[in-house]
Amino acid sequence: MLIFCGSVFTSAQKTYTVQGTVQDFHDKTMLENAVVKIGGFAMKTDKKGKFSFDKIPAGKYTLIAKHPDCNDYTENIGVDQDLHITITLEHHTGDIETITLHGSHKSKGSMIMKTLDKSEIERNSTENLGNILSRISGVAVLKTGNNITKPVIHGLYGSRISIMNNGVKMAEQEWGAEHAPNVDVNDFEHIDVIKGASALKYGNDGIAGVVLLEPAVAPKKDTIMGNVKLSGISNGRGGEISANVLKSWENQWFVKAGGSYRKLGDLYIPHHTLQNTGAEINSFNFSFGNHSFMQGFDVTYNGINQDFGIYRGAHLGNARDIYNAMTLGQPYYLDDFSYNIGYPKQNVEHHIVKLSAYKRFADFGKITFQYSFQLNRRKEYDVRKGDLKDTPSMDLRLITHSASLTHLIERANWSLESGISGGFQDNYPNPGTKARRLIPDYYRYDAGAFSVFKYRFTPKLNAEAGVRYDFSRYDAYKYYDAKEWDDNYADVFPQFFVQKNGSRVLTRPVIDYHNFSANIGLNYKPAKDFDIKFNFSRMSRTPNPAELFADGLHHSAAIIEKGSLKINKEVVYNANLSLTGHFDVLKGLQVEANPYMMFSDSFINQIPVGILDTNRGSFAVWEYQQIKARIYGIDADAQLNILDNLKWNTSFSALRGDDLTKNEPLILMMPMNLRNSLELKLNKPSNFYIRLENENVFKQNRFPITDQQVQFIDNQELVTRIIDYSSTPAAYSIFHASVGADLCKNLNLNFRINNIFNREYREYLNRLRYYMPETGRNVVVTLKYNF
């Protein structure tokens, strides 16, 4: 009996060793100081992520592993032998949505990026995208009047800027100078601007940069949340209402919807109103999906409809009126305020449907698939008479299909992201307009592949390199005047000829483009408070449809555009440097300088080359040309925390653009500008702030001479006059102010005044600056209710 009891006792006390490692799911980095519990036993991992329990009695246990910023790991185990366990924790809970570069921006690497956060967007929610982005150094606005704006980054705009709407590259006939981005800023929680051509994953068109528009990420809990905003706008005597609602569940399903409506009448300039400058905009968005850690999907719809009046005084009937308007500087068609949007005007609707899904694999990485469909319908109405008075002069329908498949793998010191993409566009200009089609029928086929490799040499030095190949094909049907075809293209492109119909020649240009792009980048942190970033890229871009095919009156821009089949792909070399330092001045000073340089011997430029009288009036002729060009400049930003609740911000930008072919300045280069702001925040009342801003734009003294000669009858005599298309507006300084606070727990009031002193000024980058000044004082009051 003693021998038997002894053996039983020995068996009951038998113990085993349980050891293993705790590592990150994404990059397999071993996690130090992770707490591992087995029943009542607990310990922390060492520097190599290892743990070891030497004497765990046989039995059933619950194993728990915890680490800061990680999801807890739980597993039931049976200990009846020595065990070795590998525990994997999700260590990027703040960066699960890797489609975005928000949050801590850990993945931006050497990219030079600026962010407008949720509070900045909400304070300026009645502004359009271009005006909001102009608050970032190095970003300006190209305008057609005072409603239609588009962003300019380092002097470049249009097809050279990729705008990503929740991961979808906008395809909205962005080649036009007056084709404003079709987005509602109320849909987004933050906006990131990547300066320079360092983000190859978004395509090869982003020579100037990329704008990332990102909505809020649904919380992973059972909740319903949203807001309703109501704004009153003095300039235009209008307002805006918007609403957003989101329902999410702990099982990580979500559904959300939102929309807005804005109505403005004719806009006010100092002492006058401008006829036919109103706007009406409505938008709607809806999405649902499930975003768990291992896998997820979502379905999204965005739709927007915009009506913009084009100032009637920019569409003048003859050369004499144009000369008088531009020489005297006095706008025509004043002071008859109306909410009616007459002719000329622009109506644009844009629809996006996106389907995306992702799946994570422990050792293979993350696979993401995305498909998007876009429909863009643009109607531009001229001042026409008779049966055609209500018929648009331009009616374009653009359908775009895009699909992409990407793979991301992360390891301790490196990551590799690669992908392939394809796209198809169908452009249809409605012949029912009975007007010459500015852009012809065309199909466009696109295919691309990219790979971006990032490597961490030391905690202070990171590097990345990327390559991309893109293929594009245009298959178009276009009519040319027989003389123009014979003089310019018959000998160069005889294979495009189809047939001749009287004085017109039908052609079918089929043009292929092969584009290779690459970039390298470094991010070096020599000291705790100092950061250096550098990237160099070679980007190759396919010409857009306007640069190749434009031929006729662009009604809303009030110009005649001429493209050329002889234009080749554009290749640009781009270098960007960023130096950031933190200094112990008062409560903290941060300074960043961003010098840059771009060079191209195939730069596509558009300049005015003449005045043409038509049966619909007299218009300037702008022609696309390919030249050798150079642009260089600097952006500088500083933030000084004077007190804990008082800060001063300043930003400065200057650039120089040169046409090296003609040895003259490039046209429409952003003037030097300086912006300052002083903001005070107080805890009582809740979220109270007051902000004063000063915006200074200097005179652009470098411009090409593009004056045009016209003839008209004056006092019964034929006279010749010179129209000054070259001179730039005077410098100006304007002030803005805003104040806001929470009136109660869920109710916020924001009050903003733009152009406080009602200063009259003109902007060089406004294509209609010849006919009118910029808007005067504008008071905006916004009431927001959160739930």
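**Exercise 1. How many aromatic pairs does the structure hold?**

Before counting, a word on the ground rules: this is a predicted model, where local features need pLDDT of at least 70, side-chain atom pairs count only at pLDDT 80 or more, and totals for chains, interfaces and linings use all residues. Residues are numbered from 1 along each chain as its sequence is written, and side-chain values use heavy atoms, with hydrogens and water left out.

Step 1. Take the rings of Phe, Tyr and Trp (for Trp, the six-membered ring) and pair them if their centres lie within 6.5 Å; planes under 30 degrees apart are stacked, over 60 edge-to-face, and the rest tilted.

Step 2. Count them up: there are 29 aromatic pairs.

Step 3. Now pick one and classify it. Tyr 474 and Tyr 513 have ring centres 6.4 Å apart and planes at 90 degrees, so this pair is edge-to-face. It links distant parts of the chain, with Tyr 474 in strand E28 (residues 461-481), Tyr 513 in strand E31 (residues 510-527), and the two positions 39 residues apart. Helices (H or I, at least four residues) and strands (E, at least two) are DSSP runs, numbered from the N terminus.

Step 4. Check the surroundings: Tyr 474 and Tyr 513 are both buried. Buried means under 20% relative accessible area, exposed over 50%, and partly exposed in between (1.4 Å probe, protein chains only).

Step 5. Look for a group of rings too. Tyr 480, Trp 485, Tyr 489, Phe 493 and Phe 496 make up one aromatic cluster.

**Exercise 2. Work out whether the radius of gyration of the protein chain agrees with that of a compact globule.**

Step 1. Set up the rule: the radius is taken over C-alpha atoms, and the globule estimate is 2.2 Å times the number of residues to the power 0.38.

Step 2. Plug in 787 residues and you get a value near 28 Å; the chain has 30 Å, which agrees.

Step 3. Add the box: along the principal axes, the C-alpha atoms fill roughly 135 × 65 × 50 Å.

Step 4. Fill in the rest. The chain has six helices and 46 strands, and 54% of its 787 residues count as buried. Among contacts (heavy atoms within 4.5 Å) with a separation of 6 or more, 66% are between residues 24 or more positions apart.

**Exercise 3. Find the backbone oddities.**

Step 1. Start from the baseline: most residues other than glycine have a negative phi, and most peptide bonds are trans.

Step 2. Scan omega. The peptide bond between Tyr 343 and Pro 344 is cis, with omega about 5 degrees. Pro 344 sits in the loop between helix H4 (319-328) and strand E23 (345-361).

Step 3. Scan phi. Gln 252 isn't a glycine, yet its phi is positive at about 75 degrees. Its loop runs between strand E17 (238-248) and strand E18 (253-264), and Gln 252 is partly exposed at 23% relative accessible area.

Step 4. Leu 668, also not a glycine, has a positive phi of about 60 degrees. This residue is in the loop between strand E39 (664-665) and strand E40 (673-682), and Leu 668 is buried at 7%.

**Exercise 4. Which residues does Asn 146 contact, leaving aside neighbours within four places in sequence?**

Step 1. Locate it: Asn 146 is in the loop between strand E9 (139-144) and strand E10 (148-153).

Step 2. Test burial. With a relative accessible area of 14%, Asn 146 is buried.

Step 3. List the partners: Leu 267, Leu 274, Asn 766, Met 772, Pro 773, Glu 774 and Thr 775.

**Exercise 5. Profile three strand residues: Val 139, Phe 254 and Phe 536.**

Step 1. Val 139 belongs to strand E9 and is buried at 6%. Its C-alpha lies 5.5 Å from that of Val 152, 13 residues along the chain. Beyond four places in sequence, Val 139 touches several residues, including Val 193 and Met 670.

Step 2. Phe 254, in strand E18, is buried at 7%. Ala 218 is 36 residues from Phe 254 in sequence, with a C-alpha to C-alpha distance of 6.6 Å. Non-neighbour contacts of Phe 254 include Ala 218, Trp 249, Phe 288 and His 291.

Step 3. Phe 536 is in strand E32 (residues 530-541) and counts as partly exposed at 34%. The C-alpha atoms of Phe 536 and Gly 196 are separated by 8.9 Å, although the two are 340 residues apart along the chain. Setting aside neighbours within four places, the contacts of Phe 536 are Ala 518, Asn 519, Ile 520, Tyr 573, Asn 574 and Ala 575.
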